[in-house]
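User: I'd love a close look at one spot in this predicted model. Could you start from a single residue and then work outwards to the places around it and beyond?

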Amino acid sequence: MNIQKELNGTNLTINLEGRLDTTTAPQLEAELKSDISGIEKLIFDFADLEYLSSAGLRVLLAAQKVMNKQGSMVIKNVNSTIMDIFEVTGFSGILTIE
Amino acid sequence: MKMSLRTKAIFVILVFTLVLSVSTVLVSYNTYTKSFNEHYETLAASVAKSTASVVDVEQVKKVKAEVLGVYSQICEENGGVPDYEAFSDDDWENYYEQFEYITQMPEYKSLLEVLSKLREDNNVVSLYLGYSDLDTMKDLYLVDASAEGESCYPGDCDDMKEEHIAQMKQGNYEFPAFITNYEEYGWLCSASAPVMDKDGSVIGVALVDISMNEIMADRRSFLYTLAAITIIISLITVLLVFFLMNRAMLKPINKLSKAASLFVSSKKDNTETGESEISRLYIKTGEELEKLSGSIKQMEKDLNTYIGELTSITAEKERIGAELDVAKHIQSSMLPCIFPAFPDRMEFDIYASMTTAKEVGGDFYDFFMVDERHLAIVMADVSGKGVPAALFMVIAKTLIKDHTQEDRDLGKVFTEVNNLLCESNSEGLFVTAFEGVLDLATGEFNFVNAGHEIPYICKKNEGFKPYKIKAGFVLAGMEDMKYKAGCLTLEEGDKIFQYTDGVTEATNAANELYGSERLNNILNLNTDKTPFEILQAVKGDIDRFVGEADQFDDITMLCLEFKSKMAADELKSGCVEITVDAVTENISAVTELVNNILEENGCGIKAKTQIDIAVDEIVGNIANYAYVPDAGKVTVRADVDEKCAVLTFIDNGIPYNPIENLDPDTTLSAEERQIGGLGIFMVKKTMDEVSYEYRDGQNIFTIKKNIIC
C-alpha cells in the first residue's frame with residue numbers, strides 16, 4: 001500500500017493506494033499518529049484503494065474519534081466494494097463520505 | 001543289513017569250531033589207530049619170532065618130514081595137488097585120516113603143548129607152525145595151537161600168496177606183520193617168523209594171528225567219545241564266545257546305535273530336562289567301545305553347540321529375509337501401481353510396470369500430476385542392488401517428486417536434487433534418471449535426462465524412434481552439476497516409451513543381450529496399441545527371448561500416450577492449497593494464490609475483493625490469536641470452479657468458533673463503537689455460507705462464495 005500525504009495548512013489529505021488490510025493498516029496508523037496533531041480537516045482519498053479490512057476500519061474509527069475532537073474528517077472517492085463494507089459494518093453512519 | 005553282526009559272529013564261530021573239531025577228531029583217530037596198529041604188528045611179529053626160536057628145531061623137522069611125506073604121497077597118488085575145492089566132507093575125512101597118526105607122535109604133542117602155552121600166555125587167537133611148499137605152491141599146516149574147534153589138522157593147506165612166492169624163492173621168509181578184516185575171523189593182526197635149523201636153512205614158519213576185535217571196538221568208542229567231547233567243548237566255546245561278545249560288544253553297540261538313532265527325537269522330547277539318550281549312555285568296557293562312546297558323547301555336545309549356533313543363525317537369516325521381503329513390498333508399493341491411474345482423465349493414458357529381480361533393486365518409475373494440467377513421469381535406476389540401492393531409490397524418488405512443482409524448470413529440479421543426493425551419499429551410489437513433464441493443455445513436453453536411457457517417441461504415422469537427447473551427468477555423482485531441460489511438443493496420439501537398462505540388458509541362456517534393436521522392432525509392431533498392450537508385448541518378447549535364464553536386473557518400463565488436449569473450460573477449475581506460518585506477513589502470499597485461481601475461473605472484481613477481505617480477516621485472526629503466545633501454521637485450501645469458490649482455513653491453535661461471536665451493534669456512534677468482532681462480522685455478511693468445525697485438534701473454518709458475475 002502506498003500512502004501519499006498532502007499538507008495544506010491545517011488540512012491534511014491522505015491518498016491511499018492498494019489495500020488497507022491487516023498487514024498495511026499498522027503503517028497508516030503510524031503515519032496518522034505522527035501527523036494528526038493540529039489537523040483540523042482530514043481528507044482520505046480512496047480513489048486508488050482497492051479495499052479495506054477490519055484492521056483498516058479500526059484505523060479509520062480511531063482517526064474519526066480524534067477528528068471528532070479537533071475538527072472534521074472526510075472520505076472521498078469510495079468505490080462500491082468499500083462502500084458495501086462501510087454499509088455492512090454501519091461505518092457509513094459514523095464516517096463522512098463524500 | 002543282510003546279516004546282523006551277531007548272526008555273522010555265530011556263523012563264523014560255528015564254522016571255525018566245526019572245522020577244528022573235525023580235524024581234531026580225524027588227527028586223533030588216525031594217530032590212535034596208527035599207534036595201535038604198530039603196537040599190534042610189533043606184538044604179532046615178536047610173538048612169531050619168539051615162537052620160532054622157542055620151538056625144538058628137531059621136533060619141527062620130524063613133524064615136517066612126516067606131514068610133507070604124507071602130502072607128497074597123496075600128491076603122487078593123485079597125480080598132482082588134489083582139488084581141495086571139489087572136496088566133499090568125506091573126502092576131507094579121508095584126507096585128514098592119512099595125517100591122523102602124526103598127531104599121536106610125541107614130537108607133535110610136545111610142539112602143540114609149547115605152542116598152546118605160548119598162545120595162552122600171549123593172548124593170541126591162533127598160533128601155528130606151517131611149511132611153505134614151493135613145489136606145489138601150498139602153505140601146509142604142521143602144528144596148529146589155535147583155540148579149540150578152530151585149529152587145523154596137520155596136512156591142511158592154503159594157497160600160497162602170490163606176492164610172497166618170489167620173496168620166498170630167494171630164501172627170504174621175513175614178512176612184515178599185516179592187519180586183515182575177514183567177516184569170518186574179524187580184525188586180525190598176522191605175523192610170521194621162519195624157523196631155522198643150525199645151518200640157517202628154513203624148515204618151517206611160525207605164524208601168529210592176534211585178534212584186534214577188542215581194540216577195534218575200543219577204537220570206535222574212542223572215536224565217538226572224542227567226537228562227543230569235541231562237540232560239547234565246541235558248543236561251550238560258542239556259547240561262551242557269544243555270551244562274552246554279546247556282553248562286551250553287541251550290547252554296547254546296540255546301546256550306542258539306539259541312542260544315536262534317538263538323537264533327534266530325544267532332543268525334541270528332552271529339551272527341558274536337557275538329558276539326551278546319548279548323555280545317559282553308560283559304557284565302561286575299558287576299550288575301543290568306551291572310546292567310541294566317549295567320542296559320540298563329544299560329538300553330541302559339539303553337534304548341540306553347532307545346532308544352537310545354526311538355529312540362531314537361521315532364525316536371524318529368516319528374520320532378515322522376512323524384513324527384506326517387507327522392504328521389497330514397501331518399495332514396490334511406493335510406486336504407483338493401480339491402473340488405470342487416472343480414470344477420470346481423458347487426455348492421456350499411462351501404464352508402467354516393474355518386474356523385480358530376486359533381490360530388492362534400485363529401479364523405479366513414478367508419475368504424478370504436478371497440477372491439474374501437468375503430468376510428470378520419472379524413470380530412474382540406482383546403481384547397485386540390495387538394501388543400499390533400495391534406500392537410495394526411496395530418497396531419490398521422494399526428492400524428485402518433492403522438487404517437481406508447478407512452473408519449475410526441470411533443469412533446476414535435477415540440479416537441486418543432485419546436490420541433495422550428493423549430501424546423503426556416503427556409499428558412492430549414483431542414479432541415472434529421466435524426468436519429463438507434459439503440459440496436457442498444449443502438448444509441450446519438458447524433460448531432463450541425467451545419464452539415463454533415451455526415450456522412444458512415437459509420432460503419429462512415424463512409429464517409435466529413439467529420441468536423441470543430450471544426457472546430463474548422473475545424479476549423486478558430483479556436486480553442483482548443472483542440468484538443462486529440453487523441450488519437444490507432442491501431438492494428440494503421440495506416445496512416449498521409457499525404460500531402464502534391465503530391458504535392453506536382459507540376457508538369455510546363451511548370454512546374449514536383448515538389445516535395443518529387438519526393443520525397436522517389438523515397439524514398432526505395436527504402435528497402434530494402448531500403453532498397457534505395448535508394455536505387455538515388450539514384456540512378452542523379453543520373456544520369450546530370455547527363456548529359462550535367470551533375471552538379474554529389474555525390468556522397468558513406462559508408456560504414456562497423449563490422447564487429447566485438455567479442454568479449455570477444464571483449465572479454469574482447480575484446487576490449490578497452501579500452508580504457511582501463521583503470521584500477518586504471509587497473508588499476501590495466500591491472497592495472491594487465491595486471487596490467481598479466482599482469476600483463472602473468471603471471478604468478478606467485487607466477489608474477489610470480498611474473498612480477499614475474508615482471507616485477510618480470517619488469516620489475520622489466526623495469526624494474531626490462534627497460537628498466542630506460541631507460533632503455528634495455517635493451511636488455506638481454495639477449491640474454485642466457474643460458479644463457486646470454497647475456501648477452507650485450517651489451524652491447530654486454540655479451539656475458537658468465530659461464528660458464535662455476537663455481532664457488533666452497527667448503529668452506535670463512533671465513540672461508542674467497539675472494534676472487536678468486526679472482521680468476522682464482515683465475512684459473515686459478505687460470504688454466502690460460513691461454517692466451522694473443530695475436528696482432530698484442528699479449527700476448520702469454511703467460507704463459500706458464489707462468484708458468477
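Analyst: Happy to. Let's begin with Tyr29(B), which sits in helix H1 of chain B. Which residues does Tyr29(B) touch once its neighbours within four places in sequence are left aside? Its partners are then Arg219(B), Phe222(B), Leu223(B) and Leu226(B). Take Arg219(B): 190 residues separate it from Tyr29(B) in sequence, yet the two C-alpha atoms are 7.8 Å apart in space. Please keep in mind throughout that this is a predicted model.

Arg219(B) also leads us to an enclosed space, as it is one of the residues lining the largest cavity. Its companions in that lining are Tyr32(B), Thr33(B), Phe36(B) and Asn37(B), together with Met212(B), Ile215(B) and Met216(B). Two helices of chain B, H1 (5-54) and H6 (213-261), each provide at least two of the lining residues. The largest share, 4 residues, is the contribution of H1(B). Sorted by class, the cavity lining has 5 nonpolar, 2 polar and 1 charged residues. The volume of this cavity is about 40 Å³, and the count of cavities of 30 Å³ or more comes to 1.

From the enclosed space, let's turn to an open one. The largest pocket holds about 1,200 Å³ of space. It is lined by 46 residues, and those closest to its centre are Tyr128(B), Tyr141(B), Asp158(B), Lys161(B) and Asp209(B). Several elements of chain B give at least two residues each to this lining, among them strands E1 (126-133), E2 (138-144) and E6 (202-211), as well as helix H5 (162-169). The pocket lining divides into 22 nonpolar, 12 polar and 12 charged residues.

Helix packing is worth a stop too. In chain B, helix H12 (residues 515-524) packs with helix H13 (residues 531-546) at an angle of about 140 degrees, their axes 9 Å apart. At that angle, H12(B) is therefore oblique to H13(B), and their crossing is right-handed. On the H12(B) side the meeting residues are Arg518(B), Leu519(B), Ile522(B) and Leu523(B), while H13(B) offers Ile534(B), Ala537(B), Val538(B), Asp541(B) and Phe545(B). That contact comprises 7 nonpolar, no polar and 2 charged residues.

Another pair spans two chains: helix H3 (residues 80-88) of chain A and helix H16 (residues 605-626) of chain B cross at roughly 50 degrees, with axes that come within 10 Å. H3(A) is therefore oblique to H16(B), and here the crossing is right-handed. Thr81(A), Asp84(A) and Ile85(A) make the contact from H3(A), with Lys606(B), Thr609(B), Gln610(B) and Ile613(B) from H16(B). The class split for this contact is 2 nonpolar, 3 polar and 2 charged.

Finally, a few backbone details. Most residues other than glycine have a negative phi, and most peptide bonds are trans. The bond from Phe339(B) to Pro340(B), however, is cis, with omega near -5 degrees; Pro340(B) lies in the loop between helix H8 (288-334) and strand E7 (348-355) of chain B. Val628(B) and Pro629(B) are likewise joined by a cis peptide bond, with omega about 5 degrees, and Pro629(B) is in the loop between H16 and strand E18 (633-640) of chain B. Asn461(B) has a positive phi, near 65 degrees, and is placed in the loop between strands E12 (456-459) and E13 (463-466) of chain B.

Definitions and conventions
Residues are numbered from 1 along each chain as its sequence is written. Chains are lettered from A and ligands numbered from 1 in the order in which they are written. This is a predicted model: local features need pLDDT of at least 70, side-chain atom pairs count only at pLDDT 80 or more; totals for chains, interfaces and linings use all residues. Side-chain values use heavy atoms; hydrogens and water are left out. Axes are lines fitted to C-alpha atoms, for helices over the stretch in contact, and angles run from 0 to 180 degrees between N-to-C directions. Angles under 35 degrees count as roughly parallel, over 145 as roughly antiparallel, 65 to 115 as roughly perpendicular and the rest as oblique. A crossing is left-handed if the near helix is turned anticlockwise from the far one by less than a right angle, and right-handed if clockwise. Contact means heavy atoms within 4.5 Å. Ala, Val, Leu, Ile, Met, Phe, Trp, Tyr, Cys and Pro count as nonpolar, Asp, Glu, Lys and Arg as charged, and the others, Gly among them, as polar. On a 1 Å grid over the protein atoms alone, a cavity is a set of points where a 1.4 Å probe fits but cannot get out, and a pocket is an open set with protein on both sides within 12 Å along at least five of seven lines; lining residues have an atom within 4 Å of a point. Grid points are joined across faces, edges and corners, and a volume is the space filled by probe spheres set on the points.
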